[in-house]
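Dear colleague,

I am handing over the structure we spoke about, and I would be grateful if you could look through it alongside the notes below.

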Amino acid sequence: IESYARGDQRRVTQIISTLAPLCLATSLVVLLGGGLVAWDIDRILTIEPQLLWDARMMFLVLVSLSALRIAAMPFQVGIQVRQKFVWMHVTGLVSQLIWTAGLIALFYGVSTRALWVAVAAIPSTMFDVGITVWMSCRLVPSLRWRAGEFRRHLVRPLLSFGGWTLIARIASVARETCGVLILSELPLARAIALRDAAVLDYKSGGTVET
């Protein structure tokens, strides 16, 4: 934003050319880590054996979409730079409508599997990322990657500037996902507690209410 306001288009390209490889590397790490977690998801969540494959696919789809958003992030900032926030929210609304329409079509046209919740997010996310990148690059043509414009001295300021934003985003994701992890363990924990209570009550000669 600062470089664009000063009319320094080359520095904008240098910033993007420096940031793009970092985001791409981060997206690959997220994709690799998410793939490993997806394969061993039954060790993290309590999942019925017949639903294990669907759970793996759902998690892998969501991780892949997150990796896509991270990789495309440098080329999406043109909307913020030009302050076209209405366009951004309209795009988000259309994306949600695409997701809702796809989910309804899958539920009523195929089956009522939970897997379709994640699958329906694929076209909506592709639309959101694609149209946002297109609009950003049209608004700010200097949002482009050039191998010769990579600047090593910009790496530390960029990472430092985005560090707190990254921490806030991690906290937000943790807040959204930890509920699932906790709830997935509650039925099992409650069942074990009831079993132990029943055993103790039986040994003491009492009765257990179901």
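What follows is an account of the fold, the helix packing, the nonpolar cores and the aromatic side chains.

Please bear in mind throughout that this is a predicted model. The chain contains 8 helices and 0 strands, and its pattern along the sequence reads α-α-α-α-α-α-α-α. Of its 210 residues, 27% count as buried, and among the contacts between residues at least 6 apart in sequence, 77% join residues at least 24 apart.

As to helix packing, α2 and α3 (residues 52–72) pack with their axes 8 Å apart and at an angle of about 175 degrees; an angle over 145 degrees counts as roughly antiparallel, and the two helices are therefore described as roughly antiparallel to each other. On the α2 side the residues that meet α3 include Cys 23, Leu 24, Ser 27, Val 30, Leu 31, Gly 34, Gly 35 and Ala 38, while among their counterparts in α3 are Phe 59, Leu 60, Val 63, Ser 64, Ala 67 and Ile 70.

Helix α3 also packs with α7, where the axes come within 11 Å and cross at roughly 0 degrees, which makes α3 roughly parallel to α7. This contact is made by Val 61, Leu 65, Leu 68, Arg 69 and Ala 72 of α3, together with α7 residues that include Ala 121, Ile 122, Met 126, Asp 128, Val 129 and Val 133.

Turning to the interior, the largest nonpolar core is made up of 10 residues, namely Val 12, Ile 16, Ala 20, Phe 75, Ile 79, Val 81, Met 135, Leu 139, Val 140 and Leu 143. At least two residues of this core come from each of α2 (9–39), α4 (78–81) and α7 (121–139), and α2 gives the most to it, with 3 residues. One of the core residues, Ala 20, is in contact with Pro 74, Phe 75 and Trp 145 once its neighbours within four places in sequence are left aside. Another core lies apart from this one and has 5 residues, among them Leu 103, Leu 106, Leu 115 and Ala 120.

Finally, which partners do the aromatic rings have? The structure holds 0 aromatic pairs, but Lys 84 lies over the face of Trp 87, at 5.4 Å from the ring centre, and the charged end of Arg 113 sits over the ring of Trp 116, at 5.2 Å from its centre.

With best wishes

Note on methods. Residues are numbered from 1 along each chain as its sequence is written. This is a predicted model: local features need pLDDT of at least 70, side-chain atom pairs count only at pLDDT 80 or more; totals for chains, interfaces and linings use all residues. Side-chain values use heavy atoms; hydrogens and water are left out. Rings of Phe, Tyr and Trp (its six-membered ring) pair if their centres lie within 6.5 Å; planes under 30 degrees apart count as stacked, over 60 as edge-to-face and the rest as tilted. A charge sits over a ring if NZ of Lys or CZ of Arg is within 6 Å of the ring centre and within 35 degrees of the ring normal. A nonpolar core is a set of buried Ala, Val, Leu, Ile, Met, Phe, Trp, Tyr and Cys residues joined through side-chain atoms within 4.5 Å. Buried means under 20% relative accessible area, exposed over 50%, partly exposed in between (1.4 Å probe, protein chains only). Helices (H or I, at least four residues) and strands (E, at least two) are DSSP runs, numbered from the N terminus. Contact means heavy atoms within 4.5 Å. Axes are lines fitted to C-alpha atoms, for helices over the stretch in contact, and angles run from 0 to 180 degrees between N-to-C directions. Angles under 35 degrees count as roughly parallel, over 145 as roughly antiparallel, 65 to 115 as roughly perpendicular and the rest as oblique.
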